[in-house]
Amino acid sequence: MKKLFAAVLTLALASSAMAAGNLGVEFGSNWYKVSYTSDLGDHLQGQGQNFALTWGLDNELSLGTFMESGRWVYASTSYNDWDIVAIQIAKGLVKNVAAGVNIGSMNNDYDSAGRGLLVDVFGSVVLVGGAGDKVSGVLKSTVAARYNRDQYQTNFSGVNVNLVVGVSF
């Protein structure tokens, strides 16, 4: 009986989410600046690309996946790569403005390759948007405070600025 009740509840919640939802795809380019800390000793800054797949739910809430890959440059000639995989949750605050969080993991090959928990707290603003009968598109800017420490306790926290092109169906 418990399994039947759980199945009915799950289907009821999923059907309302699917009725309200739309699928979105976002591609972006971002700039990432790591705060200078004594444990790094370098001024890491870099550029990357990102991709997000989102599902719009009720009340301007969206859930999705976020992936990012990029390269830091420091000391004029040195570079290292990073990549991120995260779950994204965002909530519309007012028209064309949203806030959200990415929670996942970040891998980097700086010094001795590290991996650690990543949390981005972000705000986004739609710069240009348009909608047709079945498809809508946006150009938006996102600014995030990024918190990350790898397993060696090296701090890669910093600021991430992103320019995104998105399409939703």
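## The barrel

Eight strands close up into a barrel here, following the order β1-β2-β3-β4-β5-β6-β7-β8, with antiparallel pairing. Going from one strand to the next, the twist averages 25°. Keep in mind that this is a predicted model.

As a reminder, strands of a sheet pair through backbone hydrogen bonds, and they can do that parallel or antiparallel.

## Following the strands

Start with β4 (residues 78-94) and β5 (residues 97-108): they run antiparallel and are joined by 12 bridges. If you want a spot to look at, try Ile-87, whose bridge partner in β5 is Ile-103.

Further along, β6 (residues 114-131) and β7 (residues 136-148) run antiparallel too, held by 13 bridges. A hairpin of four residues takes the chain from β6 to β7. Within this pair, Ser-124 sits opposite Thr-142 of β7. On to β8 (residues 158-168), which is antiparallel to β7 and linked to it by 11 bridges. There, Arg-146 faces Gly-158 of β8.

## The nonpolar core

The largest nonpolar core has 15 residues. Which of them touch the most other members? That would be Tyr-32, Leu-44, Trp-72, Ile-84, Met-106, Tyr-110 and Phe-156. As for where the core comes from, β1 (23-34), β3 (61-74) and β4 each give two or more residues to it.

## A closer look at Ile-84

Ile-84 is one of those core residues, and it falls within the 78-94 stretch of β4. Setting aside neighbours within four places in sequence, Ile-84 is in contact with Phe-66, Met-67, Glu-68, Ser-105, Met-106, Leu-118 and Arg-146. Two names on that list come up elsewhere: Met-106 is a core member as well, and Arg-146 is the residue opposite Gly-158.

Conventions. Residues numbered from 1 in each chain as written. Predicted model: local features only at pLDDT ≥ 70, side-chain atom pairs only at ≥ 80, totals over all residues. Heavy atoms only, no water. Pairing = 2+ DSSP bridges. Axes fitted to C-alpha atoms, helices over the stretch in contact; angles between N-to-C directions. Core = buried A, V, L, I, M, F, W, Y, C linked by side-chain atoms within 4.5 Å. Buried < 20%, exposed > 50% of the residue type's maximum accessible area, 1.4 Å probe, protein only. Contact = heavy atoms within 4.5 Å.
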